[in-house]
Amino acid sequence: MRDFGVYIHVPFCAVRCGYCDFNTYAPGDTGFGSRDDYVAAALGEMAQARDAMAGDERPARTVFIGGGTPTMLDARALSALLDGVRETWGLAPDAEVTTEANPDSVTPESLAALASAGFTRVSLGMQSALPHVLATLERTHRPENMGRAVAAARAAGLSVSLDLIYGTPGESLADWEASLDAAIALEPDHISAYALVIEPGTRMGAQLRRGEIEAVDLDTQADMYERADARLAEAGYAWYEVSNWAREPGQECRHNIAYWTSQDWWGVGPGAHSYLGPRIGPDGSEAAAERWWNVKLPRAYAQRVAAGESPAAEREPLSEADLALEAVMLRLRLAEGMPVAALPEPRPREAAALVADGILDGRELIGGRLRLTLRGRLMADAAVRALT
């Protein structure tokens, strides 16, 4: 029996950052008359999900509210969304319940209210500790606000994760080290560090095209990653996925691990993605694995839900071959790696070549597992291509 989780997408942001290509909208652009209207639409989709999953009553073991900036909704609204999950699927007794937040969108009072409602974890968007890097990213918070937010979350009894971005145009290796040191000094339970990818269609993408900024080269980004892994290891953090480190195994993000290990989840909200693996349908027939994603525009999403229609934009059935390929793409990113026997087909020569190139751990391969080395983490996509 696979675990089940719920993702809720909140599309609100005070300001849309120049590098962001997520499905987010500044105030006035969402298409919802009020934020309460968004909550009503999300609860409406949950009611549809209850009917669609009749006969498959599994409580949610993880809930993740992301965005956007979910904490642009007040604690009352976020609590209503969590209550909707309880009423629709139920919550496992040890459920992990996370909300993303910006440090300037939370207060000691709001965090305490979220903890009282059943939230267990907050993921704060730190990105950098340096004002000039934050300015390039168009982040609006002040670095000192991060310490206040972490202290308030801890006082509320919440587990704390910090998100960092490296490779911002104009960011030096020394800048990145300063941000790492600042993050570590806050003693969070969990740290994520992602390389900045400048996507076409974003404001930053336009700046790059016009020559107003210069992208950080891949070799420097690799140096930044290696520096992060070394600093975090020295501070007692262990990597468990290519971009994620935790102080203890119990502080890993269980919701994201569910994605990487192909568990089931329902995505609520505009543009949210969902996945249900092979299962027995309500009528006793076998149902194939399926992925689907909702319409992105909030107005269209709200209209469909209000009309009693599914907000799904497209659906994609997944074959056993599709699932085997995706399992390699996802599980290979984990520190535990994956069994050689789980490959869609044997690739002994390719695996041996990856060991010779320093991408796979040779001792682990002898023991029947595929596990990335530090160099391999930087070349995970190439390893997946070679093994599939």
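# Helix pairs and salt bridges in a predicted model

Let's start with two helices. Helix α1 covers residues 35-52, and helix α10 covers residues 298-306. The two pack at an angle of about 50°, and their axes are 9 Å apart. One thing to keep in mind from the start: this is a predicted model.

How do α1 and α10 lie to each other? They are oblique. The crossing of α1 past α10 is left-handed.

Which residues make the contact? On α1, look for A41, A42, G44, E45 and Q48. On α10, look for Y301, A302 and V305. Sort the residues of this α1 and α10 contact by class, and you get 5 nonpolar, 2 polar and 1 charged.

Now a second pair. Helix α12 takes in residues 348-356, and helix α15 takes in residues 380-387. Their axes come within 9 Å and cross at roughly 155°. The cut-off for roughly antiparallel is over 145 degrees. So α12 is roughly antiparallel to α15.

The touching residues here are E350, A351 and L354 from α12, with A383, A386 and L387 from α15. By class, the contact of α12 with α15 has 5 nonpolar residues, no polar ones and 1 charged.

Next topic: salt bridges. How many does a search of the whole structure find? The search finds 21. I'll take three of them.

Start with R2 and D264. Their closest N and O atoms are 2.9 Å apart. Where do these residues sit? R2 is in the segment before β1, while D264 is in strand β9, residues 264-268. So this bridge ties together parts that are 262 residues apart in sequence. Is D264 buried or exposed? D264 is buried, at a relative accessible area of 1%. R2 is partly exposed, at 24% relative accessibility.

This pair also belongs to a network. Salt bridges link R2, D56, R58 and D264. Find those four residues in the structure in front of you.

Second bridge: R333 with E241. Here the closest N and O atoms are 2.6 Å apart. R333 lies in the loop between α11 and β15, and E241 lies in strand β7, residues 238-241. The pair therefore joins parts 92 residues apart in sequence. How accessible are the two partners? R333 has a relative accessible area of 24%, so R333 is partly exposed. E241 comes out at 2%, so E241 counts as buried.

Third bridge: R315 with E290. Their side chains meet at 3.5 Å, N to O. Both ends are in strands this time. R315 is in β14, residues 312-318, and E290 is in β13, residues 289-294. So the parts tied together are 25 residues apart in sequence. R315 is partly exposed, with a relative accessible area of 44%. What about E290? Buried means under 20% relative accessible area. E290 has 19%, so E290 is buried.

Last stop: a histidine, H255. Which helix holds H255? Helix α9, residues 254-260. H255 is buried, with a relative accessible area of 1%. What does H255 touch? Leave out residues up to four places away in sequence, and the list is V6, Y7, T62, V63, F64 and E96.

Quick recap. α1 and α10 are oblique. α12 and α15 are roughly antiparallel. In the bridges we walked through, D264 is buried, E241 is buried, and E290 is buried. Their partners R2, R333 and R315 are partly exposed. That's it from me.

Conventions. Residues are numbered from 1 along each chain as its sequence is written. This is a predicted model: local features need pLDDT of at least 70, side-chain atom pairs count only at pLDDT 80 or more; totals for chains, interfaces and linings use all residues. Side-chain values use heavy atoms; hydrogens and water are left out. Axes are lines fitted to C-alpha atoms, for helices over the stretch in contact, and angles run from 0 to 180 degrees between N-to-C directions. Helices (H or I, at least four residues) and strands (E, at least two) are DSSP runs, numbered from the N terminus. Angles under 35 degrees count as roughly parallel, over 145 as roughly antiparallel, 65 to 115 as roughly perpendicular and the rest as oblique. A crossing is left-handed if the near helix is turned anticlockwise from the far one by less than a right angle, and right-handed if clockwise. Contact means heavy atoms within 4.5 Å. Ala, Val, Leu, Ile, Met, Phe, Trp, Tyr, Cys and Pro count as nonpolar, Asp, Glu, Lys and Arg as charged, and the others, Gly among them, as polar. Buried means under 20% relative accessible area, exposed over 50%, partly exposed in between (1.4 Å probe, protein chains only).
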